[in-house]
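Here is a walk through a predicted model, taken one chain at a time. Keep the structure open while you read.

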Amino acid sequence: MKRLAGMALAGVLALVGCAATDDAPVAQVITPSNTTGFMGTTLDQPLPKPDVTLTDTDGKSFNVAKDTKGRVTALYIGYTHCPDVCPTTMADLSVAMGSLPPDQAKDVDVVFITTDPDRDTPKVIRKWLNSFSWDRLIGLTGEYSDIQAAAKSVGVFLDPPVKNPDGTITVEHGAQVILFGKDDTSDLIFTSGFEPSDVAHDLQRLLQE
Amino acid sequence: MMKTILVLAAAAALALAGCSNDTGTPSESAPPAVSESAPAAVTVSDAYIAQPASNTAAMFGTVSNSGSEAVTITGGSAPGVGMVQVHEFVKNGNTEVMQEVPGGLEIPAGGSVELKPGSYHVMLMEVADQWAVGDEVTVTLNLSNGDSIDVTAPVKAREGMTQDESMDGMESDDSMDMEASPSAS
C-alpha cells in the first residue's frame with residue numbers, strides 16, 4: 001500500500017522510502033493518500049480514538065479518547081520485550097517528534113499501549129520508553145480484555161499472549177502507527193518500517209487542519 | 001567491567017542455554033558452546049546487535065553457506081544470555097507475530113539468508129546485563145551438521161534512542177528489575 005502511495009507520489013516527491021515490508025492487506029485500506037497530500041496510508045472509514053481507560057506509567061488512570069481529546073495523537077500497540085519492530089517503531093516515532101519544531105511537537109501526543117500487560121508493568125514500560133530520544137512518550141497498560149478491545153476498535157486484532165513449551169512467549173502486536181487528527185478520528189496509518197520524515201510531515205499537516 | 005560480568009555470567013548462561021540445543025536436537029555430538037575456529041561452511045557477515053531497549057535483543061547480519069549441502073541454524077548461546085533462537089516475523093493482517101522459526105532457519109547450499117528488521121533475526125532473550133553501544137557480543141550459533149560457529153557482533157546505535165545507557169531515567173533507583181518478568185521458567 002505504501003508502495004502504491006509512493007509510486008503515485010513519485011513525480012512530486014521522490015523520497016518515499018519503502019522499507020520493504022510486505023504489502024500486507026490492511027483492513028479498510030483503500031485510497032492512496034496522494035490526493036490528500038498525506039504520506040501515510042489512508043483508510044476508507046475513519047477510526048475513532050479508543051474510548052478505553054488504562055493505566056499510565058505513573059499508575060494513574062488514562063482514558064485514551066478523553067485524555068488526548070482534541071489533540072493530534074500517534075498511537076502504537078506493541079510490547080517491550082519485542083526486540084525488533086517495536087523498538088524500531090518507537091525509535092522512528094521519536095525521530096519524527098524530535099524533528100518537529102518544539103511549538104508543534106508540544107501539541108502532539110505519542111501513546112504506546114502494551115499487548116503484554118503481564119510483563120509490561122507501568123515501571124517496565126516507563127523504563128523502556130525512557131530509552132527513546134523523545135521524552136514525552138505516554139505508556140499504557142491495563143486489563144488484557146480492555147487492551148484487546150481498544151486494539152480491535154482501531155482495526156488491530158490480537159490474540160492473548162501464548163506461552164510456548166520452551167518458556168518463551170509469543171505476543172501479537174499492531175503492525176502500524178495510527179495518526180489521529182484534532183477531530184479525534186484517524187484515517188491515516190503507517191505500517192512498520194516507515195520513514196520518520198513521512199510521519200513528521202503528516203503530523204504537521206494534521207496540526208494545520 | 002562489561003567483560004568481567006560477561007565472563008562471570010557465562011557459566012550460568014551455559015547452564016541456562018541447555019534449553020536451546022545441547023540436548024535433544026538432531027546434532028548428536030553437539031560441540032562445546034565455545035567452538036574452535038574450524039573452517040565452517042557457514043559464515044555470518046556484517047553481524048550487529050541493534051541497541052536493545054529491554055532485556056531482549058536482536059542480532060542481524062547475512063548468513064552464507066558456501067557448502068554443498070543446506071545447513072540449518074538450530075539455536076545457539078551467548079554469555080550472559082538466557083536463550084538464543086532464530087525468530088521470524090509473520091504479518092497477520094494488521095498484527096505481527098514474532099515466533100521461533102519452525103525447525104530452525106535453513107541456509108541453502110551455496111546461498112545466503114539475510115537477517116534484518118522485520119524479517120529474520122537471532123533473538124537474544126534474558127540478557128543479564130544492559131549492553132551499551134560499542135560493546136561486542138560473541139554469539140555461538142549451533143548448526144544442524146553438528147558444527148557451531150562464533151559470531152562477534154557489535155552493539156550498534158539505533159537512531160531515536162538515547163545512547164547513554166541511562167535507561168533508569170528519572171524514577172529509577174529501585175527499578176533494575178526488568179528480569180523479574182515471568183517470561184521464562
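Two strands count as paired if DSSP finds at least two bridges between them. By that rule, β1(A) pairs with strand β11 (residues 185-191) of chain A. The sense is antiparallel, and the pair has four bridges. One bridge links A:Thr42 to A:Leu188 in β11(A).

Now widen the view to the sheet. Eight strands of chain A form an open sheet. Their order is β1-β11-β10-β4-β5-β6-β2-β3, and the pairing is mixed. The edges are β1 (41-48) and β3 (61-63) of chain A, each of which pairs on one side only. From one strand to the next, the twist averages 35 degrees. Helix α7 (residues 196-208) of chain A packs on this sheet. α7 touches β4 (72-78), β5 (108-114), β10 (176-180) and β11 of chain A. Its direction makes about 20 degrees with that of β10(A).

The sheet is part of a chain with seven helices and eleven strands. Chain A has 209 residues, and 54% of them are buried. Sequence-distant pairs carry much of the contact map. Among chain A contacts with a separation of 6 or more, 69% are between residues 24 or more positions apart.

Next, the core. The largest nonpolar core has 59 residues. The residues with the most contacts inside this core are A:Leu75, A:Leu93, A:Val110, A:Phe112 and A:Val177. Which helix gives the most to this core? It is α3(A), with eight residues. Take A:Phe112 as one example. Beyond its neighbours within four places in sequence, A:Phe112 is in contact with residues including A:Tyr76, A:Met90, A:Leu129 and A:Ile138. A second, separate core has 33 residues, among them B:Ile49, B:Val71, B:Val122 and B:Met123.

Two helices of chain A deserve a look. Helix α3 (residues 85-99) of chain A has 15 residues. From first C-alpha to last, α3(A) reaches 21 Å, close to the 21 Å expected at 1.5 Å a residue. This helix is mostly covered, with 13 of its 15 residues buried. The other is helix α5 (residues 122-129) of chain A. Why is α5(A) described as largely enclosed by the rest of the structure? Seven of its eight residues are buried, so the rest of the structure largely encloses this helix. The buried set includes charged-letter names as well as nonpolar ones: A:Arg126 and A:Lys127 are in it, and so are A:Val124, A:Ile125 and A:Trp128. The buried residues of α5(A) pack against β2 (53-56), β5 and β6 (137-141) of chain A.Turn to chain B. Strand β8 (residues 120-127) of chain B is mostly covered: eight of its eight residues are buried. β8(B) has antiparallel partners in strand β2 (residues 57-65) of chain B, over three bridges, and in strand β4 (residues 81-92) of chain B, over seven bridges. In the pairing with β2(B), B:Met59 has B:Val122 as its bridge partner. B:Val122 also belongs to the second core. On the β4(B) side, B:Met83 is the bridge partner of B:Met125, and B:Val81 is that of B:Val127.

Follow β4(B) onward. β4(B) and strand β5 (residues 95-100) of chain B pair in the antiparallel sense over six bridges. B:Val90 stands opposite B:Val97 in β5(B). These two strands form a hairpin with two residues between them. In the turn, B:Gly93 has a positive phi of about 65 degrees.

One more residue is B:Gln163, found in the segment after β10 (148-156) of chain B. Is B:Gln163 buried or partly exposed? It counts as partly exposed because 14 C-beta neighbours lie inside 10 Å. B:Gln163 is 112 residues from B:Gln51 in sequence, yet their C-alpha atoms are 8.4 Å apart in space. Leaving aside neighbours within four places in sequence, B:Gln163 is in contact with B:Val133 and B:Ala157.

Finally, confidence. The model scores ipTM 0.70 and pTM 0.73. Chain B averages a pLDDT of 75, and 66% of the residues score at least 70. Over residues 1-40 of chain B the pLDDT is below 50, though this stretch has 60 contacts in the model beyond near neighbours in sequence. Residues 165-185 of chain B also have a pLDDT below 50, with 34 such contacts. Where pLDDT is low, the predicted coordinates should not be read in detail.

Note on methods
Residues are numbered from 1 along each chain as its sequence is written. Chains are lettered from A and ligands numbered from 1 in the order in which they are written. This is a predicted model: local features need pLDDT of at least 70, side-chain atom pairs count only at pLDDT 80 or more; totals for chains, interfaces and linings use all residues. Axes are lines fitted to C-alpha atoms, for helices over the stretch in contact, and angles run from 0 to 180 degrees between N-to-C directions. Two residues are in contact if their C-beta atoms, placed from the backbone, lie within 7 Å. A residue is buried if 20 or more other C-beta atoms lie within 10 Å of its own, exposed if 12 or fewer, and partly exposed in between; C-beta atoms are placed from the backbone. The expected span of a helix is 1.5 Å times one less than its number of residues. A nonpolar core is a set of buried Ala, Val, Leu, Ile, Met, Phe, Trp, Tyr and Cys residues joined through C-beta atoms within 7 Å. pLDDT is the predictor's confidence in each residue, from 0 to 100.
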